[in-house]
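Colleague: Could you take me through one part of this model slowly, with each term explained as you go? I would like to follow a single residue and then its surroundings.

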Amino acid sequence: MLAMEKAKRKIDRRTLYTLNVIKDAFISLIKQEGYDQITVTELCREAEITRSTFYLHYDNLSNVLNAVLDDALMFNTQPGRLPTDDSPISVDYLKENESQLAACQRVADSEKYHDLLMDPTLSDYIVGRIITHEHDRMVPAIQKRTGLPIQDAEKIFIYTVHGSFAINKMNKFIKNETWYHDLQILNRFIQGGYRSLE
């Protein structure tokens, strides 16, 4: 029995290693060319694995993309929260509490995912993945803050994710003084919107 458990752990580690090799190769290829140019053959070559190994773990490139995006969204695991009061949010506060930022803003902390976020063919897909990933936490928070029904809270959430992603992309997902300024202005705007709905 103990031998079987050890063997299972060994397979799990090997599987985890292979999954990471595939994802790292995928990210490497994104840095070299756009997502729509990548093929399974090219990914296997970059990862130094066979096609059968690839298909043992993933059905297609979209599955790899989803796994990489899920990793990116979990990069900074303390998710953003809606402020509970109307006090202005300073740039210094944002710099010290970046774990409270929206998902695409947290992902910007990692150079690893930069080219993925900047790929023009993936913007809508990434936004959709962020919406799916953050929905169950953020929509109830918006409802609690505003008293809106779920359908209206979802619309505000979707609007906010699209806008946040667009501003981040405009700033090339680089956190500099301009980025913090833009974020502070947007947060003030959003807070005003929440106040008007309370």
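Modeller: Let us begin with V161, which has its place in helix α9 (residues 150–170); helices here are DSSP runs of H or I with at least four residues, strands are runs of E with at least two, and both are numbered from the N terminus. This is a predicted model, so local features need pLDDT of at least 70 and side-chain atom pairs count only at pLDDT 80 or more, while totals for chains, interfaces and linings use all residues. Residues are numbered from 1 along each chain as its sequence is written, and side-chain values use heavy atoms, with hydrogens and water left out.

V161 is buried, since its relative accessible area is 9%, where buried means under 20%, exposed over 50% and partly exposed in between, computed with a 1.4 Å probe on protein chains only. If residues up to four places away in sequence are not counted, V161 touches V127, I130 and I131, a contact being heavy atoms within 4.5 Å. E134 lies 27 residues from V161 in sequence, and their C-alpha atoms are 9.4 Å apart in space.

From V161 we can move on to E134, which is itself buried, with a relative accessible area of 4%. The side chain of E134 meets that of R137 in a salt bridge, 2.5 Å from N to O; the term stands for a side-chain nitrogen of Lys or Arg within 4 Å of a carboxyl oxygen of Asp or Glu. Both E134 and R137 lie in helix α8, 3 residues apart, which is about one turn of the helix. R137, in contrast to its buried partner, counts as partly exposed at 30% relative accessibility.

By this rule the count comes to 5 salt bridges, and two others are worth following. D115 forms a salt bridge with K31, with the closest N and O atoms 4.0 Å apart. This pair links distant parts of the chain, because D115 is in helix α7 (residues 114–118) and K31 is in helix α1 (residues 2–32), 84 residues apart. D115 is partly exposed at 28%, and K31 is partly exposed at 41%.

R129 forms a salt bridge with D70, and here the closest N and O atoms are 2.9 Å apart. Because R129 lies in helix α8 (residues 123–146) and D70 in helix α4 (residues 61–73), the pair ties together parts that are 59 residues apart in sequence. R129 is partly exposed, with a relative accessible area of 24%, and D70 is partly exposed at 28%.
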